[in-house]
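Trainee: I'd like a close look at a single part of this one, please. Could you stick with pockets and take your time?

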Amino acid sequence: MNNADKIYNLAVSGVQKLIPYTPGKPIEELERELGLSNIIKLASNENPLGPGKKALAAIQATLKDLALYPDGNGFNLKRALADKYAVDMSQITLGNGSNEILELVARAFLTPELEVVFSQHAFAVYPIVTQAVGATAVVAPALDYGHDLGAMLQRVTDKTRLVFIANPNNPTGTLLNHAYLEAFIGALPDTCVCVLDEAYCEFVGDGSADNSIAWLKKYPNLLITRTFSKAYGLAGLRVGYGLSSPQLADILNRVRQPFNNNMLALAAAEAALTDTEHLQNTIAVNAQGMQFITEGFKKLGLEWIPSAGNFVLVDLKQPAMPIYEALLRKGVIVRPVGVYELPNHLRITIGTQAENQLFLQALTEVLSGNV
Ligand SMILES: Cc1ncc(COP(=O)(O)O)c(C=O)c1O
């Protein structure tokens, strides 16, 4: 080991072995690598319609104040969220993306002696935040690609301090029945915090996402996380939030950076909440695109996992990496999911009609050997 490498031994043990999160490939990177233009990116479950007009206007109006620190308490955004969900402002934690909330809860509640339960194929950030603080991840096998709550409950012991559930889950798009989910939360010991990650809840057509808000009254150990990155089209600004008991929010607030949300993000998110037209368009474009893409899979004889999110996992029945790379050469970025133990699948974010068409055309060409 050379002198520079010795620095690794100084990191805390979880971090020494940590494999960082791999994001979707940025368009600019593929442009640089292959000299292509007109690239489409269906790799990070972003909103294909972009941000809404109200969010953009709020950003414009806020630019002149950028020399000032933002409101470290995010009062206006918290008030808007409290009104929307009929909760108290003290129940809200704002994060730099909902990812930050996932990290805050791990930092605030875990030590190396404690365990965290989550499902196989669940969102990749859960093992990362667990390992970073040296806690032990206990992974329950998935059932039909979704969370098997019975298997998860069996793995909860007196050492379990956190449980992560993604509903809908990324990357599988699977959705849990809400009665089943509530029974699970109710069965958890009160020594265990339940994180219900609802990053994609706006895309779930049945309105069941409202149920989880009502559970906050019953379960002081429940933390719901949501985001402005997906349905609200503000992924680049990084705004997410947690809804919980005031006590749990108070704990998260103690480990939060004082100005974790920038001023443009706070203003845009508040405005985005009032832009129901943009949200409805987003949901409609997603539903149409989901139908179009899955019909395309059917024509190609491919199977997919029915998804409640703004993305879909397709089963190629062969190693997905060569297909992913062939799609890249055609200027189409999708997401390989080998890190999720799904080496034969690709995850496709639903795009605009034009993007979906280009993707299906490229996939058809690649699968027919025209690469
Ligand atoms: C299930 C799930 N949770 C949380 C996030 C975090 O999103 P953000 O930090 O942009 O809110 C993502 C992003 O892909 C996700 O898929």
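Mentor: Helices here are DSSP runs of H or I with at least four residues, strands are runs of E with at least two, and both are numbered from the N terminus. This is a predicted model, with local features needing pLDDT of at least 70, side-chain atom pairs counting only at pLDDT 80 or more, and totals for chains, interfaces and linings using all residues. Numbering starts from 1 along each chain as its sequence is written, and side-chain values use heavy atoms, leaving out hydrogens and water.

Let's take the second largest pocket (an open set of 1 Å grid points over the protein atoms alone, where a 1.4 Å probe fits, with protein on both sides within 12 Å along at least five of seven lines). It holds about 460 Å³, the space filled by probe spheres set on points joined across faces, edges and corners. Its lining runs to 26 residues, each with an atom within 4 Å of a point. Nearest the centre you'll find Tyr21, Ser44, Asn99, Phe123 and Lys230. Helix α5 (residues 98–109) chips in the largest share of that lining, 3 residues. Sorted by class, the lining has 10 polar, 9 nonpolar and 7 charged residues; Gly counts as polar here. Domain 1 (7–50 + 277–367) and domain 2 (55–272) both contribute lining residues, so this pocket sits between them; the bounds come from an automatic or database assignment.

For context, the largest pocket has about 640 Å³ of space and 28 lining residues, with Ala124, Pro127, Gly338, Val339 and Tyr340 nearest its centre. There α6 (125–132) gives the most, 3 residues, and the classes come out as 17 nonpolar, 7 polar and 4 charged.
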